[in-house]
Amino acid sequence: MKKDKHTGPKWMFGRDFTLMVAGQIISLFGNAILRFALSVAVLDMTGSAAAFASIAALSMLPTILLSPLGGVLADRVSRKGIMAALDFITAAVLASFALIFRQTPTTAAIGGVMVLLSVIQSFYQPSVQASIPSLVDERGLMSANGIVAQVNALANLLGPILGGLLYGVFGLYPVLYVGIICFFLSAVMECFLHIPFIRQQNRGGVLQTIKGDFTDALRYMVRQGEGLMSLLFLVAGINLFLSAMVVVGLPYLVKIFLGLSSQMYGLAEGAMGIGSILGGVLAGAVAKKLKFSASHLLLLLAGIAALPLGAAVLHNGWPMGSFALILLSVAGMMCCATLFSVYAQTTLQQLTPASLLGKISSVVTVICMCAFPLGQALYGALFDWAKQYAFIVVLFAGLASVVIALLSKGVLLRISQRLPQQTEGQPL
């Protein structure tokens, strides 16, 4: 068993992985609470849904545009240093905002802070993803990715709830102070991390280095053929046809089609979060029973889980019965989709050299993120077109996912033959 001076038995999630996850919990919860509170503050100040949506959309752009640069940085600079420095910077940005705009916060200032938070996350997350294989043994890699997925899902589920409670009771500035404390504590914890790092030789100037690094990453992805590229298109396809349908369709089906309240829609969103968390919890156990070559079954189950959602909206004669079926359906879909995402993330890490992991992970993230707005535009048009026949749109999404799953079977089998023998032949 491989041991480390600082981490102990690596596959048992030693000191450093535990520290990193604890820092992630504090940092991601702080970020989720802040983003929700800042968004609601914009809505309260302007009373405009358009302003709210515009700032929310603008704050997402840096993640799409800058994540690849974050991947380059993650492969060339100490990942521990990146994470700690960015959390300290985030705390400083929030403290500066609280001091400068204490009396007269403006919509532009709040929007600027939201964009800065997104910029920071663009450079932060690639370092986290690239660090996981360095902190755990290969046998624990699937479980480790499942834990990170759980943390993200919990932050997305509970962060807005906590943010809403804190903002509603105390207002914006106490929420800012909570955020400052969260990011400062996370940064201090990250200072004690020990993440293996091998410095790479520069290629000349900054632009030459960035260009050369991206060329290496893209060349490697293309050379892998049915490895990385196939995984990329599979995850993007699920985001395009299934995840986007849930994101767009859930509020439409619950509030418009069934005529239920916003609180009921909140419960449906909670069911999605619970499904994602369950997927992360089950990742380690499922990996012991299901080889990667058979992971298309998870995509198949996700598509099949959409079918009850279609049945729930065949008519709205019994709204609460339909709503109960929707809860079960979306929880099942998100559980299976999260499980496959963990499999895909683990396989990506196993197929990618450590020197390219940050760049390739960030490129995959960006392309998969871009699939969402395309899917949202598609389903927005389809639900408007279908109106009372919304079940047709849901069934289309489920059947498309089933087709993707069936087509992926042979591809995943060929990818599995490239994995380390221990991973495919034995439990992870």
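Which residues form a nonpolar patch on the surface? They are Leu154, Leu158, Ile161, Leu162 and Leu165. Together they have about 400 Å² of accessible area. The model is a predicted one. Leu158 belongs to helix H5. Its relative accessibility is 33%, so Leu158 counts as partly exposed.

Now take the chain as a whole. It has 428 residues, and 51% of them count as buried. It holds 14 helices and 2 strands. The chain exposes about 18600 Å². Carbon and sulfur atoms supply 71% of that area. Contacts reach far along the sequence: among those between residues at least 6 apart, 85% join residues at least 24 apart.

Next comes the interior. In soluble globular proteins, nonpolar side chains tend to be buried together. The largest nonpolar core here has 76 residues. Which of them touch the most other members? Met245, Leu253 and Phe383 do. Several helices each supply at least two residues of this core: H7 (206-223), H8 (228-257), H9 (262-289), H10 (296-312), H11, H12 (357-386) and H13 (390-416). H8 gives the most, with 15 residues. Leu253 shows how such a member is surrounded. Leaving out residues up to four places away in sequence, Leu253 touches Leu258, Leu309, Val313, Phe383, Ala390 and Val394. Another core lies apart from the largest one. This other core has 23 residues, including Ile33, Val113, Tyr173 and Val175.

Two of those residues, Tyr173 and Val175, lead to helix H6, where both are buried. H6 covers residues 172-190. How many Å should its 19 residues span? At 1.5 Å a residue, the expected span is 27 Å. The end C-alpha atoms of H6 are 27 Å apart, so the model agrees with the expectation. Many residues of H6 are buried. Among them are Leu172, Leu176, Gly179, Ile180 and Phe183. The list of buried residues also includes Cys182, Ser186, Ala187 and Glu190. An α-helix has 3.6 residues a turn, so residues three or four places apart point the same way. Which helices do the buried residues of H6 pack against? They pack against H1 (15-46), H3 (79-100), H4 (107-135) and H5 (141-170).

Helix H11 (residues 319-351) holds Gln349. Is Gln349 buried or exposed? At 5% relative accessibility, under the 20% limit, Gln349 counts as buried. Its contacts, leaving aside neighbours within four places in sequence, are Gln129, Ile132, Pro133, Leu141, Asn145 and Leu357.

Charged pairs come last. How many salt bridges does the structure hold? There are 2. One joins the side chains of Arg15 and Asp16, at 2.6 Å from N to O. Its two partners differ in cover. Arg15 has 35% relative accessibility and therefore counts as partly exposed. Asp16 has 0% and therefore counts as buried. The other salt bridge links Arg79 with Asp75, whose closest N and O atoms are 3.1 Å apart. Arg79 counts as buried because its relative accessibility is 8%. Asp75, at 2%, counts as buried too.

How values were computed: Residues are numbered from 1 along each chain as its sequence is written. This is a predicted model: local features need pLDDT of at least 70, side-chain atom pairs count only at pLDDT 80 or more; totals for chains, interfaces and linings use all residues. Side-chain values use heavy atoms; hydrogens and water are left out. Helices (H or I, at least four residues) and strands (E, at least two) are DSSP runs, numbered from the N terminus. The expected span of a helix is 1.5 Å times one less than its number of residues. Buried means under 20% relative accessible area, exposed over 50%, partly exposed in between (1.4 Å probe, protein chains only). Contact means heavy atoms within 4.5 Å. A salt bridge is a side-chain nitrogen of Lys or Arg within 4 Å of a carboxyl oxygen of Asp or Glu. Patches are made of residues with over 30% relative accessible area and no salt bridge: like charges are joined within 9 Å, nonpolar side chains (Val, Leu, Ile, Met, Phe, Trp, Tyr) within 5 Å. Accessible areas come from the Shrake-Rupley method with a 1.4 Å probe; for residues, only the protein chains shown count as cover. A nonpolar core is a set of buried Ala, Val, Leu, Ile, Met, Phe, Trp, Tyr and Cys residues joined through side-chain atoms within 4.5 Å.
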